Amino acid sequence: MSYKFYPLIPNADQLEIGVPSINVIIPQVADKIPDALELYEHSLDYLMEVKGNRSNFNAFRTHINLLLNWLWFVREDPIENFRRNEIRAFVDFCNEPPEELISSAPFAHFVYDKLTCQYEVNEKWQPFVNRNEGQPYKRRFETVKSQLSLLSTFFSYLCDVEFVDRNPAATYLKRLTENNMRDVLAADEEVAEKALSDEQVRAVWHTVSEMAKKQPEIHLRSKLLIATLLLIYPRISELASRPGYSPVMSSFRQHTDENWYYFIPRSKNGKSRRVACPRRLIAVLKEYRLFLGFSPLPEKNEKNPLFVRHVSGTRGRDAGILNANLGKEQLRKIVLSVFDRAAESLNDTAAAELRAFNVHALRHTGISKDLASGRSPNLVMADSGHSNLASLSIYSRQNFVDQIGSALEKDF
């Protein structure tokens with residue numbers, strides 16, 4: 001079988017604006033692979049975090065790009081099926097790639113087209129390079145270790161945002177090497193169970209509430225964001241604008257007269273879910289909507305954006321548009337700015353810890369508090385959309401009555 005791989009990831013200085021020729025490839029893949037688009041978004045988000053160091057960025061891009069191509073064009077499989085056997089098959093493929101994927105010299109990923117005034121995929125580029133003419137392609141053992149180490153760090157990130165629930169690269173790396181590679185594996189052990197303490201939660205909520213009182217035109221939005229992340233613990237991507245999805249006010253939907261839920265049409269692996277809303281969250285939503293001049297609660301099919309922009313977009317599809325939702329990066333900045341302000345009221349240790357948390361810590365906090373309160377784990381998992389209980393994403397009406405009823409009295 002003949003394969004064709006693509007340079008799917010833009011250069012570091014093009015991450016935020018993209019490359020048009022890539023935008024043709026990704027939708028075609030997304031039609032076949034359920035989680036392809038979300039995996040691609042997570043890949044770009046991760047590379048945004050490491051782009052400050054060019055050599056690190058290039059190394060991560062090389063191996064993440066290889067992984068995406070192998071998953072989509074060789075295996076034709078979602079990443080949720082990626083286990084230890086798959087990582088071994090991926091490494092074997094990279095050790096002995098097909099001849100059509102090997103070039104005799106390295107070529108740039110993209111070339112500038114003077115006619116279109118845009119960068120396009122370089123047709124000469126190939127993922128593997130063999131400079132030894134007449135000799136078979138061969139990788140050194142150290143190269144394999146480096147690849148697994150880099151991918152282990154990437155999988156740690158995917159675990160941290162709960163897109164996957166395992167790190168097959170770390171597992172294979174541990175078995176492959178004589179040493180345990182403790183520095184690599186230590187990161188894996190730290191990713192999943194970080195949550196704010198009760199003191200930190202109180203500080204965050206008090207801080208954002210005071211910010212909303214002083215500058216409601218700016219921070220009532222911040223208050224709703226923090227309340228949503230803590231009380232119904234969605235992934236940040238489920239609140240943000242992204243290709244093909246933009247949350248609106250009517251994402252909050254009425255179940256009965258007093259019961260509301262937040263509807264997520266496409267979550268992990270393309271699944272949808274309903275997340276039961278406590279009264280406290282609906283009260284914050286009412287406060288936000290009344291300030292914006294809306295009715296207290298959303299109307300059916302209301303299209304007003306949920307986290308409305310305060311300034312117009314400057315690039316991409318939302319350039320010049322004010323009435324649009326915020327993306328993931330803008331939402332992250334809001335949360336982290338609240339963390340920084342809240343840290344000022346804490347002791348040095350708690351403050352340093354809070355400033356080190358990422359946005360996803362609020363999801364861990366909400367889930368942890370619900371479980372500690374004695375709420376049914378099945379109902380918590382139904383709300384969280386956790387992959388270990390994905391089968392509960394489709395449940396009977398009676399189960400949802402129990403789910404939404406048990407959420408009503410949740411509070412900080």
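Ile64 is in contact with Ile9, Ser43, Tyr46, Leu47, Leu151 and Phe154, once its neighbours within four places in sequence are set aside. The model in which these contacts appear is a predicted one. Ile64 also belongs to the largest nonpolar core, a set of 58 residues. Within that core, Leu39, Ile64, Trp72, Ile79, Phe82, Phe90 and Leu158 touch the most other members. Several elements give two or more residues to this core, namely helix H1 (22–30), helix H2, helix H3 (54–75), helix H4 (84–95), helix H5 and helix H6 (168–176). A second core, separate from this one, has 52 residues, including Val201, Leu220, Leu231 and Leu285.

Attention may now turn to helix H11. This helix covers residues 328–343, 16 residues in all, and it reaches 22 Å from its first C-alpha to its last. That span is close to the 22 Å expected at 1.5 Å a residue. Its buried residues are Lys328, Leu331, Arg332, Ile334, Val335, Val338, Phe339, Ala342 and Ala343. Which helices do the buried residues of H11 pack against? They pack against helix H2 (36–50), helix H5 (141–160), helix H8 (198–214), helix H9 (216–231), helix H12 (348–356) and helix H13 (360–372). Among these partners, H2 and H5 also give two or more residues to the largest nonpolar core.

The strands offer another part of the picture. Strand E5 (residues 252–254) pairs with strand E6 in the antiparallel sense over 3 bridges, and the two form a hairpin with 5 residues between them. One of the bridge partners can be named: Arg253 is matched with Tyr261 in E6. E6 is joined as well to strand E7 (residues 273–277) by 5 bridges, and these two strands run antiparallel. Here Tyr262 has Val275 in E7 as its bridge partner. E6 itself, which spans residues 260–264, is mostly covered, with 4 of its 5 residues buried. In a regular strand, side chains alternate between the two faces of the sheet.

Finally, the confidence of the prediction should be considered. The protein averages a pLDDT of 83, and 86% of the residues score at least 70. Two segments call for caution in reading. Over residues 178–193, pLDDT stays under 50, and the model has 19 contacts beyond four places in sequence for this segment. Over residues 312–322, pLDDT likewise stays under 50, and the model has 23 contacts beyond four places in sequence there.

Technical notes. Residues numbered from 1 in each chain as written. Predicted model: local features only at pLDDT ≥ 70, side-chain atom pairs only at ≥ 80, totals over all residues. Heavy atoms only, no water. Expected span 1.5 Å × (residues − 1). Buried < 20%, exposed > 50% of the residue type's maximum accessible area, 1.4 Å probe, protein only. Contact = heavy atoms within 4.5 Å. pLDDT = per-residue confidence, 0-100. Core = buried A, V, L, I, M, F, W, Y, C linked by side-chain atoms within 4.5 Å. Pairing = 2+ DSSP bridges.
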